[in-house]
Amino acid sequence: MRLYVHWPFCVSRCTYCDFNTRAGAGRHMREYMAALLTELDFWSTLLDEERRRLDSVYLGGGTPSILSGAEVSRLLDQVRSRFVLGEGAEVTVEVNPATWKANDLLAACAGGANRFSIGVQSLHDPVLRLLGRAHDAASALECIEEAHAAGAASVSADLIYGLPGEDTAMQLDSVRGVIAAGARHVSLYGLSLSRGSRLPGILRESGKKLPGDDEMADQYLASCAALEAAGFAQYEISNFALPGHHSRHNLGYWARDEYLGVGAGAHSFLGDCRFHNTRSILSYISAMRGGRPASGGWERLGAIERREEEIILGLRTASGVPADALDAGDDRLEDLVDLGLLLVSGGRARLTRRGMLVSNAVITELLPA
């Protein structure tokens with residue numbers, strides 16, 4: 001089993017963010033922590049012994065590192081008191097470089113964290129300011145180095161491509177910079193603007209432009225090549241790792257392993273059911289305090305939904321899906337191969353790198369009619 005713990009609080013809200021996060025709501029953090037522990041209690045009594053054995057724990061957000069390293073350590077103690085962490089379990093904490101220094105990283109490692117996912121996004125200070133990040137490039141690189149010095153088994157860096165004001169050369173500077181600092185895993189995400197974020201309005205007012213589709217593609221492909229040249233293997237559309245540094249927690253999602261999510265808005269997958277908690281922090285706290293479920297919705301997957309999920313999630317990975325999971329006689333499959341977007345070999349179907357650039361469209365074409 002895998003456990004995801006959602007900590008929705010942030011120092012400030014990034015201009016591109018539309019996640020389930022809150023800035024300036026620190027007055028609720030103590031109540032929220034109590035609610036988290038109540039939900040952990042609930043699941044520890046409901047789940048059988050096998051499901052209480054955890055292969056991975058992921059503390060995400062939001063900004064979990066708005067807590068001190070000692071507080072994260074105590075939270076992990078609370079998890080261990082209710083669940084069993086398997087030998088060699090992967091324990092990841094997301095870290096904003098603006099929030100933690102060496103002492104926090106050391107405290108978190110002492111408490112059982114062995115992997116840090118550091119939100120770098122870019123190594124260009126003007127771009128970071130435009131994004132509303134609370135750190136600069138120097139502190140991001142320092143955070144990667146200090147995480148290693150603290151004893152982390154693996155350190156990941158998040159980067160965004162397609163940022164306003166960045167060209168391919170600048171994107172490659174960021175990629176090479178985090179590699180040089182010692183990142184052993186890199187997550188590379190294309191910028192996606194949503195109505196719920198502030199960045200579209202900022203761009204309209206400033207007159208700044210986003211890179212076009214061709215430039216976005218160039219940045220992605222050049223970044224992939226730079227990572228491969230440094231020994232990183234691409235194992236999912238957005239994820240690259242040196243040998244032995246894959247995110248086991250995220251691999252579980254793509255393999256459709258069971259996972260439990262606790263906290264406001266957290267998602268879970270148990271048996272044939274997917275369900276999630278209410279996104280509202282206050283509603284979540286109220287439900288936990290009153291001994292009520294904090295449900296925000298659920299669905300039971302039938303045979304068709306399971307097959308669709310296997311295709312959608314499997315094609316995100318470098319290993320792809322068994323070719324016989326697709327309609328091999330379908331003209332759509334042959335067309336995608338001819339277009340260089342899909343590769344069928346050795347009994348498996350995989351997206352090519354260019355196919356990964358338009359993965360949503362390709363996968364949609366391959367879903368059962």
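A residue counts as buried here when its relative accessible area is under 20%. In this predicted model, Q121 comes in at 9%, so Q121 is buried. Q121 sits in strand β6, which covers residues 115-121, and its backbone is a bit of an oddity: phi is positive, at about 75°, even though Q121 is not a glycine. For context, most residues other than glycine have a negative phi, and most peptide bonds are trans.

R256 shows a positive phi too, near 65°, and is again a residue other than glycine. Its setting is a loop, the one running between α9 (248-254) and β11 (259-262). With a relative accessibility of 17%, R256 still falls under the 20% cut-off, so R256 is classed as buried.

The peptide bond between G61 and G62 is worth a look as well: this bond is cis, with omega at about 20°. G62 belongs to the loop that links β4 (53-61) to α2 (69-82).

Further along the chain there is a little sheet to trace. Three strands make up this open, antiparallel sheet, and their order is β15-β17-β16. The edge positions go to β15 (321-322) and β16 (342-345); each has a single partner strand, so one side of each has no neighbour in the sheet. The pairing of β16 with β17 (residues 348-351) is antiparallel and runs over four bridges. Within that pairing, V344 has A349 of β17 as its bridge partner.

Conventions. Residues are numbered from 1 along each chain as its sequence is written. This is a predicted model: local features need pLDDT of at least 70, side-chain atom pairs count only at pLDDT 80 or more; totals for chains, interfaces and linings use all residues. Side-chain values use heavy atoms; hydrogens and water are left out. Two strands pair if DSSP finds at least two bridges between them. Helices (H or I, at least four residues) and strands (E, at least two) are DSSP runs, numbered from the N terminus. Buried means under 20% relative accessible area, exposed over 50%, partly exposed in between (1.4 Å probe, protein chains only).
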